[in-house]
Amino acid sequence: MTSTYELYRRAGTRPLGRKAFSLAYMLKAPYFASVRPQVIEMREHRAVVQIRKRRAVQNHIGTVHAIAVANGMEAAMGLLAEATTPSGMRWIPKGIQLEYVAKATSDVRCVAETDAGDWAHEPPFQVDVRCTGVLADGTEVVRGTIPIWVTAKK
């Protein structure tokens, strides 16, 4: 278990703990502050963050910009990787492949998921993290994959 995942587990038991963890996550990875991801869930094989629709993440037509959703997906993927990567290993993203399938007209939930079998390999190996961005009504707005490279720590 990584220190990031342990911090999330401890924070979740305290009042305002997840809000504080979300802020700490943005401080650790400052680029994510551009979309202000609210961490909803972090566990092995699944992480969820919420991106609020606000002016700073909107495009010229008033919807949440696709790249803002991509940033949310990458934030969720990082949480999943921190919670899932076996001890003695490390991870790094190799890229991102996305399809923009609908307009993001409201807040977007970014979900990252894997299965246990995705991680059942000797290092080095690649894990393809499945990601989706959905609205509160279940409309999928972005879907894709973020491949990560998992290696033994030096």
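Contact here means heavy atoms within 4.5 Å. Please keep that in mind, as I will use the word throughout. The model on the screen is a predicted one.

I'll start with Q50, which sits in strand β2. Leaving aside residues up to four places away in sequence, Q50 touches R36, P37, Q38, I40, D107, V108 and R109. With R109 there is also a polar contact between the two side chains, at 2.8 Å. Is Q50 buried or exposed? Its relative accessibility is 15%, and buried means under 20%, so Q50 counts as buried.

One of the residues that Q50 touches is V108, so let me move there. With the same sequence neighbours left out, V108 touches V49, Q50, I51, V64, V69, G133, V134, L135 and V141.

V108 also brings us to the largest nonpolar core, which has 40 residues. F21, L79, V108, V129 and I148 touch the most other members. The elements giving two or more residues to this core include the helices α1, α2 and α3 and the strands β1, β2 and β5. Which element gives the most? That is α3, with ten residues. As general background, nonpolar side chains tend to be buried together in soluble globular proteins.

Last, the pair α1 and α2. Their axes are 8 Å apart, and the helices pack at an angle of about 155°. Angles over 145 degrees count as roughly antiparallel, so that is how α1 runs relative to α2. On the α1 side the contact is made by T4, L7, Y8 and A11, and on the α2 side by G17, R18, F21 and K28. By class, that contact has four nonpolar, two polar and two charged residues.

Terms used. Residues are numbered from 1 along each chain as its sequence is written. This is a predicted model: local features need pLDDT of at least 70, side-chain atom pairs count only at pLDDT 80 or more; totals for chains, interfaces and linings use all residues. Side-chain values use heavy atoms; hydrogens and water are left out. A nonpolar core is a set of buried Ala, Val, Leu, Ile, Met, Phe, Trp, Tyr and Cys residues joined through side-chain atoms within 4.5 Å. Buried means under 20% relative accessible area, exposed over 50%, partly exposed in between (1.4 Å probe, protein chains only). Helices (H or I, at least four residues) and strands (E, at least two) are DSSP runs, numbered from the N terminus. Axes are lines fitted to C-alpha atoms, for helices over the stretch in contact, and angles run from 0 to 180 degrees between N-to-C directions. Angles under 35 degrees count as roughly parallel, over 145 as roughly antiparallel, 65 to 115 as roughly perpendicular and the rest as oblique. Ala, Val, Leu, Ile, Met, Phe, Trp, Tyr, Cys and Pro count as nonpolar, Asp, Glu, Lys and Arg as charged, and the others, Gly among them, as polar. A polar contact is a pair of N or O atoms within 3.5 Å; within protein, one must be able to donate a hydrogen and the other to accept it, and residues adjacent in sequence count only if both atoms are side-chain atoms.
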